[in-house]
Amino acid sequence: MAVLGAVWALCATPARAWENYTFDLPSGARESLWRDELARQWDGETEHSIEGGRIDVLTTNEAVEVEFIHKWHEGIGQALHYGSAMKRQGVLAIVVSAQSEDKLLAASRQRLELIEGQCVGNGLRMIVLFPNRGEEFPHLAKKEQAASLR
C-alpha cells in the first residue's frame with residue numbers, strides 16, 4: 001500500500017523542465033546584477049556583442065538571455081536568436097521576486113508554466129532565478145504582480 005501511495009505522489013507531482021537558482025540578491029535588483037551573478041557562477045562572459053544584440057551571458061555551451069518574468073516574450077526571441085547565432089544552447093533565465101518556488105504566487109507559477117511550454121517547444125532551456133532577500137525595490141514586484149494578472 002505504501003508503494004502505491006509513493007507512485008501516486010510521483011504521478012501527482014507535475015514534472016517541470018526548469019531549473020531553480022537562488023542568488024544573494026534582493027528581489028528588486030537590476031537585471032544587470034542578475035546577469036553578472038549568473039555569469040560569475042557559470043564562468044561566462046557578459047554582454048557579448050553579435051549582429052542584432054548582446055548576449056547577457058555566454059558560456060562554452062550556452063547563450064543566455066536574462067529577463068524579468070513580465071518581459072518573457074522578448075527573452076524567448078532573444079534566447080532563440082543568440083543560441084542559433086552562436087551555435088550553442090539557448091537559455092532563457094527568468095527572474096522572479098518570490099524568494100523560493102514554494103512562495104510563488106499562483107499567477108506567477110502559471111506564467112512560468114506557460115513560459116516553460118514555449119521554451120520546450122522551441123528547444124530552449126529555461127532557468128528561474130530567485131532572490132534570497134526581500135524587496136529593496138518594491139516597484140518591480142508590483143510590476144510583476146500586475147503582469148502575471150494579465
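Is W34 buried or exposed, and what is its relative accessible area? In the predicted model described here, W34 is found in helix α2, and with a relative accessible area of 0% the residue is buried, since the cut-off for that class is under 20%. Leaving aside residues up to four places away in sequence, W34 is in contact with F23, L25, P26, A29, V66, F68, V95, L129, F130 and P131. For one of these contacts, the pair W34 and P131, the C-alpha atoms are separated by 9.2 Å although the two residues stand 97 residues apart along the chain.

The protein as a whole contains five helices and six strands, which follow one another from the N terminus in the order α-β-α-β-β-β-α-β-α-β-α. Of its 150 residues, 44% are buried, and among the contacts between residues at least 6 apart in sequence, 71% join residues that are at least 24 apart. The pLDDT averages 84 over the protein, with 79% of the residues scoring at least 70. Residues 3–13, however, have a pLDDT below 50, and in the model this stretch makes zero contacts beyond near neighbours in sequence. Where pLDDT is low, the predicted coordinates should not be read in detail.

The six strands form an open sheet with mixed pairing, in which the order is β1-β6-β5-β4-β3-β2. Strands β1 and β2 are the edge strands, each of them pairing on one side only, and from one strand to the next the twist averages 40°. Helix α2 packs on this sheet, where it touches β1, β2, β3, β4, β5 and β6, and the direction of α2 makes about 150° with that of β4. Helix α3, comprising residues 72–86, likewise packs on the sheet; its contacts are with β2, β3, β4 and β5, and its direction makes about 170° with that of β4.

Within the sheet, β2 and β3 are paired in the antiparallel sense over five bridges. Among the residue pairs involved, E45 has L58 in β3 as its bridge partner, while S49 stands opposite R54 in β3. The two strands form a hairpin with two residues between them, and in the turn G52 adopts a positive phi of about 90°. In the loop that leads from β3 to β4 lies T60, which is exposed because its relative accessible area of 67% exceeds the cut-off of 50%. The C-alpha atom of T60 is separated by 9.6 Å from that of Q89, a residue 29 residues away along the chain.

Helix α2, which covers residues 31–42, consists of 12 residues and reaches 16 Å from its first C-alpha to its last, close to the 16 Å expected at 1.5 Å a residue. Its buried residues are W34, R35, E37, L38, A39 and W42, and these pack against β1 (19–26), β2 (45–50), β3 (53–58), β4 (62–68), β5 (89–95) and β6 (125–133). The helix is followed by D43, for which phi is positive, near 55°.

A further residue of α2, W42, takes part in an aromatic pair. A pair of aromatic rings is described by the distance of the centres and the angle of the planes. The count of such pairs comes to two. In one of them, the rings of Y21 and W42 have centres 5.7 Å apart and planes at 70°, and the pair is therefore edge-to-face. Because Y21 belongs to strand β1 and W42 to helix α2, the pair ties together parts that are 21 residues apart in sequence. Both residues of the pair, Y21 and W42, are buried.

Helix α4, formed by residues 106–121, was examined in the manner of α2. Its 16 residues should span 22 Å at 1.5 Å a residue, and the end C-alpha atoms are 23 Å apart, which agrees with that expectation. The buried residues of α4 are A107, S108, R111, L112, I115, E116 and C119. Just after this helix, G123 takes a positive phi of about 75°.

Definitions and conventions: Residues numbered from 1 in each chain as written. Predicted model: local features only at pLDDT ≥ 70, side-chain atom pairs only at ≥ 80, totals over all residues. Heavy atoms only, no water. Helix = DSSP H or I, 4+ residues; strand = E, 2+ residues; numbered from the N terminus. Expected span 1.5 Å × (residues − 1). Buried < 20%, exposed > 50% of the residue type's maximum accessible area, 1.4 Å probe, protein only. Contact = heavy atoms within 4.5 Å. Phe/Tyr/Trp six-rings, centres within 6.5 Å; stacked < 30°, edge-to-face > 60°. pLDDT = per-residue confidence, 0-100. Pairing = 2+ DSSP bridges. Axes fitted to C-alpha atoms, helices over the stretch in contact; angles between N-to-C directions.
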